[in-house]
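The following exercises concern one protein model. Please examine the sequence and the structure before reading the worked solutions.

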Amino acid sequence: MKPIDFSSPRSAARAFTPKLSALVEEPLYSQVWADPDLAPRDRSLVTIAALVALGHAEELPAHLKRGVANGLTRTELAAAITHLAFYAGFPAAITASAHAHAALDEPASDRGLRTRDANEKGQLFS
């Protein structure tokens, strides 16, 4: 079995289920994610929380990076994962924390990370 690249979950699914991928494009991204009633930052936080709670760790890295691109900070992600431990379970939160560390443990210049201040870098997920 060849390894699955979940850096882009849509791309991972496209080869086997092109119709499913088309549904992700339209209506999920073109309508649901574009709906102004919920900001992209908040949609990312809700999506990450759902993935953690449901144990879909394979998709977390791509959504964590998208969350950062949408304005979430490492501090907010760490706080959300910690909060979820009490609702989704400690194993789910610990797994999510490990994935967050791996996905976001690149130099800030390489990932466009937004932090509240420079001291925040390197203090989370360690």
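**Exercise 1: Isoleucine 94 and the nonpolar patch**

Isoleucine 94 counts as exposed because its relative accessibility is 55%; exposed means over 50% relative accessible area, buried under 20%, and partly exposed in between, with a 1.4 Å probe and protein chains only. The model is predicted: local features need pLDDT of at least 70, side-chain atom pairs count only at pLDDT 80 or more, and totals for chains, interfaces and linings use all residues. Residues are numbered from 1 along each chain as its sequence is written, and side-chain values use heavy atoms, leaving out hydrogens and water.

Task: State which residues form the nonpolar patch on the surface.

Step 1. Isoleucine 94 is located in helix α6; helices are DSSP runs of H or I with at least four residues, strands are runs of E with at least two, and both are numbered from the N terminus.

Step 2. The patch consists of Phe86, Tyr87, Phe90 and Ile94, which together have about 540 Å² of accessible area. Accessible areas come from the Shrake-Rupley method with a 1.4 Å probe.

Step 3. Both α5 (74–88) and α6 (90–104) supply at least two residues each to this patch.

**Exercise 2: Histidine 63**

Task: Determine whether histidine 63 is buried or exposed, and list what it touches.

Step 1. Histidine 63 sits in helix α4, which covers residues 60–69.

Step 2. Its relative accessibility is 9%, so histidine 63 counts as buried.

Step 3. Leaving aside residues up to four places away in sequence, histidine 63 touches Tyr29, Thr47, Ile48 and Leu51; contact means heavy atoms within 4.5 Å.

**Exercise 3: The largest pocket**

Task: Describe the largest pocket by its volume and its lining.

Step 1. The space in the largest pocket is about 390 Å³. A pocket is an open set of points on a 1 Å grid over the protein atoms alone, where a 1.4 Å probe fits, with protein on both sides within 12 Å along at least five of seven lines; lining residues have an atom within 4 Å of a point.

Step 2. The lining has 20 residues, and those nearest the pocket centre are Pro9, Leu28, Tyr29, Glu59 and His63.

Step 3. Two or more lining residues come from each of α1 (9–14), α2 (18–32), α3 (40–54) and α4. The largest share, five residues, is given by α2.

**Exercise 4: The whole chain**

Task: State how many helices and strands the protein chain has.

Solution. The protein chain has seven helices and zero strands. Of its 126 residues, 30% count as buried.

Note on methods:
Patch = residues over 30% accessible without salt bridge, like charges linked within 9 Å, V, L, I, M, F, W, Y side chains within 5 Å. Salt bridge = Lys/Arg side-chain N within 4 Å of Asp/Glu carboxyl O. Points joined across faces, edges and corners; volume = space filled by probe spheres on them.
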